[in-house]
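Biologist: Could you walk me through one part of this protein up close? I'd like to hear about the sheet: how it is put together and what packs on it.

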Amino acid sequence: MNADLPWLKAPLADALARARSHALLVQGPAGVGQLELAVKLAQSWLCEAAAPAQPACGQCPSCKLFSSGTHPDFQLLLPEALEAPARESLGLPFEEPDTKAGKAKPSKEIKVEAVRQLLSFAQATSARGKAKVVAIFPAEALNGVAANALLKTLEEPSGLLRFVLASHDSASLLPTIRSRCQPLPLPLPDTAAALAWLEVKGVKDAAGLLAATGGRPQQALEWFEAGLTDAAWQALPKRVARGEVAALSELAPPRAIDALQRLCHDLVRRSHGQPGQFFATTSLPSPKRAAPLLAWEGELRRAARHADHPLNASLWLEALVAQAQAAVTTSMR
Ligand SMILES: [Zn+2]
């Protein structure tokens, strides 16, 4: 099990101390360790050596089963598309996804079939007699039918059953799901702790990438592993302002839109004399007027809705960059 993120120590202790309900909802931004916190909570509730409300010992038979991914009283519910990557990042056994031609793309939703399987686990007796725990990540991936199938068990779990749901979009959850859970906010980690972790992971110039992601260390690591460097990120504003499509052509469409949205956000800040948030201030042009940028912001929001499947990705990107260049140029006048 590889759920040890240094900045989760305090939130874990806090969650264990504050847990009053059989169902907790970890909520906060993505990329700061929600899944890891949910898993740590589950392990702690199942641990057979730790005192009540204390973190898992890591040594007892229950902890050993948990770490090997074979604890009979633990179920982790993930959307199909996350099964392999999430289990791999936690160091749990996983099956390689079947990527044969003709195979449907793995779903990003948690479907009702998965919840039904979970319900039979929920009804069974605890194998080791301490507790039974279901972790669901991300909870907003439960589709409507699946969420409804879960409601009754979430409200009246039998015996020793506990739930921990994690969500980075808890506003989109069914109110009936939300109201059955005790909320547990997971804030952004302390910058120093996040930077120390990124450096251990081999991320160069971690401070720039951490700022680029708005302080989310797991996301910064993901961007770094996808080939983004701090130098490339800081070069982006001026390349886009010159209309260089190549500045974004390495990025998947949703990520390209996301980068432009961050750029737009920072340029609006600059137009009000504020420093950049995602980019270094020195990397940003200095716009005089916000109005063209605000109009561009609206256009980006509309484009983001279709970013998953642009019909022709290169034409789509050219249009986006032309739009960006026009907005930046106009805002400088
Ligand atoms: Zn233990």
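Modeller: Sure. One term before we zoom in: two strands count as paired if DSSP finds at least two bridges between them. Keep in mind that this is a predicted model.

Let's start with a pair. Strand E1, residues 23-27, is joined to E5 by four bridges, and the two run parallel. If you want a spot to click on, take Val26: its bridge partner in E5 is Leu184.

Now zoom out to the whole sheet. It is an open one made of five strands, in the order E2-E3-E4-E1-E5, with parallel pairing. E2 (74-77) and E5 (182-185) sit at the edges with a single partner strand each, so one side of each has no neighbour in the sheet. On average, neighbouring strands are turned by 20° against each other, ignoring direction.

What packs on it? Helix H2, residues 34-46, does, and it touches E1, E2, E3 (132-136), E4 (161-167) and E5. The direction of H2 makes about 170° with that of E4.

As for the surroundings, the protein has 14 helices along with its five strands. Its radius of gyration is 22 Å, close to the 20 Å that the globule rule gives for 333 residues, so the protein is as compact as a globular protein of that length. Buried residues account for 45% of the 333. Of the contacts with a separation of 6 or more, 71% are between residues 24 or more positions apart.

Definitions and conventions: Residues are numbered from 1 along each chain as its sequence is written. This is a predicted model: local features need pLDDT of at least 70, side-chain atom pairs count only at pLDDT 80 or more; totals for chains, interfaces and linings use all residues. Side-chain values use heavy atoms; hydrogens and water are left out. Axes are lines fitted to C-alpha atoms, for helices over the stretch in contact, and angles run from 0 to 180 degrees between N-to-C directions. Contact means heavy atoms within 4.5 Å. The radius of gyration is taken over C-alpha atoms; the globule rule is 2.2 Å times the number of residues to the power 0.38. Buried means under 20% relative accessible area, exposed over 50%, partly exposed in between (1.4 Å probe, protein chains only).
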